[in-house]
Amino acid sequence: MTLSHSMLAIEISSPGGPDVLVPTSVPVPVPGHGQIIIRVAYAGVNRPDALQRAGAYAPPPSASPLPGLECSGTVVEIGPGVTRWRIGDQVCALLPGGGYAEYVATPEAHALPIPKGMSLRDAACLPETCFTVWSNVVMRGGLKGGERFLVHGGTSGIGTTAIQIAKALGARVFATAGSEEKCQVCRDLGAEAAFNYHSADFVAEMKAVGGANLILDMVGGPYIERNLKALADDGRLVQIAFLQGAKVTLNLAEVMTRRLVVTGSTLRPQSDLAKARIAQAVEANVWPMIERGALKVVMDSEHALHDAPAAHWRLESGGHVGKIVLKVNP
């Protein structure tokens, strides 16, 4: 098909709150070697988008300055060297940026087929969360069936995905959340127990069951020391974000004497090859979970592309449960 020269997109006019997200007209991207152009149906809204908007998470030098790290849609153009995809294929994809737009470019190896029976809207919610959870919980954290797994923020997009993947792997799953209603959501998704962090001490709760073998945390700050106390001997803490700060004072003697592992990663700065390897692992392991009904998308809300500020207000309100999407070209 012949693409227009310009497209509607949402840009960050200056660092700040959600209101700095404004509609603009920008050139349609041109595919480079090994890249595809996707006509975006839906774009996922994620915490890194809000950090980028606030000026705290700069995109890699080669990435689009537009926010948006995942989408679903239709392949409309292919670059040199592309072998897997054809024009007209429907895909969901991890993006280097640029998802808040009518068209976006991404490496072909970062796109995956839409899982059988899943809508384009739900599929837009998969890449960022599934890549993050699988690479950190399984590839980095080494979670195995029978282990005790604790995830903080259990009703976030990451949390709802992590609970279900860990449960599908046969782990005993525990979660924290900010209200009894949210804790019930975690239990409904497969958590053995969920703790309201306003009224319960997750350290004591986890010690009562023998300690966590693996913790997935995006809070940071004072949670880091508490996480170490909540781990069983030989336990692993995987850090993926720092909502309450990255700098803390720790007594590392506990890490040494109890043989704890502290690790973590962030997805966006990794190489295209590393992301391609994660994509292969996700397709091989997570897609079958989706297709047999062991993993579903928990959808919080849908917003039109031009209502991106409202989507960010919703994300940062703390009231959302599951994923938030922008409707672009459904």
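Is glutamine 52 buried or exposed? Select this residue first: its relative accessibility is 8%, below the 20% limit for burial, so glutamine 52 counts as buried. The model on screen is a predicted one, and the tour moves from this residue to the whole chain and then to further sites.

**Stop 1: glutamine 52**

Display helix H1, residues 47-53, which contains glutamine 52. Then show the contact partners of glutamine 52 beyond its neighbours within four places in sequence: Ile12, Tyr57, Pro59, Pro65, Leu66, Pro67 and Arg268.

**Stop 2: the whole chain**

Return to the full view and colour by secondary structure. The protein chain has 10 helices and 15 strands. Aligned to its principal axes, the C-alpha trace spans about 60 × 40 × 35 Å. The radius of gyration of the protein chain is 20 Å, which agrees with the value near 20 Å for a compact globule of 330 residues.

Next, colour by accessibility. Of the 330 residues in the protein chain, 55% are buried. The accessible surface amounts to about 13500 Å², and carbon and sulfur atoms account for 53% of that surface. For contacts between residues at least 6 apart in sequence, 67% connect residues at least 24 apart.

Charged side chains may be selected as two sets. There are 29 positive and 29 negative side chains, and the centres of these sets are 5 Å apart.

**Stop 3: the aromatic pairs**

The count of aromatic pairs comes to 2. Select phenylalanine 174 and phenylalanine 195, whose rings are stacked, with 6.4 Å centre to centre and 15° between the planes. This pair links distant parts of the chain: phenylalanine 174 belongs to strand E9 (residues 172-177) and phenylalanine 195 to strand E10 (residues 193-196), 21 residues apart. Phenylalanine 174 and phenylalanine 195 are both buried.

Move on to phenylalanine 202 and tyrosine 223, an aromatic pair with a tilted arrangement: the centres are 5.3 Å apart and the planes make an angle of 40°. Here the link runs between helices, with phenylalanine 202 in helix H6 (residues 202-208) and tyrosine 223 in helix H7 (residues 223-230), 21 residues apart. Phenylalanine 202 and tyrosine 223 are likewise buried.

**Stop 4: tryptophan 85**

Select the loop between strand E4 (70-78) and strand E5 (90-94), where tryptophan 85 is found. What is the burial state of tryptophan 85? Its relative accessibility is 5%, so tryptophan 85 counts as buried. Setting aside neighbours within four places in sequence, tryptophan 85 is in contact with Ile36, Val75, Ile78, Val91, Glu108, Ala111, Leu112 and Pro113. A distance label to glutamine 35 is also informative: the two residues are 50 apart in sequence, and their C-alpha atoms are 9.9 Å apart.

**Stop 5: alanine 124**

Go to the loop between helix H2 (120-123) and helix H3, which holds alanine 124. Alanine 124 has a relative accessible area of 0% and is therefore buried. Apart from residues up to four places away in sequence, alanine 124 touches Tyr42, Ala43, Gly44, Glu70, Cys71 and Ser72. Its C-alpha atom is separated by 9.3 Å from that of leucine 94, 30 residues apart along the chain.

**Stop 6: glutamate 147**

Glutamate 147 is located in the loop between helix H3 (127-140) and strand E8 (148-151). With a relative accessible area of 15%, glutamate 147 is buried. Which residues does glutamate 147 touch, not counting those up to four places away in sequence? They are Gly142, Ala171, Arg172, Asn213 and Arg236. Measuring tools in the viewer can also be set on glycine 235, 88 residues apart from glutamate 147 in sequence and 9.9 Å apart in space, C-alpha to C-alpha.

**Stop 7: positive phi values**

Finish with the backbone. Aspartate 234 is in strand E12 (residues 231-239), and its phi is near 65°, a positive value in a residue other than glycine. The relative accessibility of aspartate 234 is 40%, so this residue counts as partly exposed.

Arginine 259 is in the loop between helix H8 (253-257) and strand E13 (261-264). Arginine 259 is not a glycine, yet has a positive phi of about 55°. At 45% relative accessibility, arginine 259 counts as partly exposed.

Methods: Residues numbered from 1 in each chain as written. Predicted model: local features only at pLDDT ≥ 70, side-chain atom pairs only at ≥ 80, totals over all residues. Heavy atoms only, no water. Helix = DSSP H or I, 4+ residues; strand = E, 2+ residues; numbered from the N terminus. Rg over C-alpha atoms; globule rule 2.2 N^0.38 Å. Buried < 20%, exposed > 50% of the residue type's maximum accessible area, 1.4 Å probe, protein only. Contact = heavy atoms within 4.5 Å. Areas by Shrake-Rupley, 256 points an atom, 1.4 Å probe, with all protein chains shown as cover. Lys, Arg positive; Asp, Glu negative; His and termini not counted. Charge placed at Lys NZ, Arg CZ, Asp CG, Glu CD. Phe/Tyr/Trp six-rings, centres within 6.5 Å; stacked < 30°, edge-to-face > 60°.
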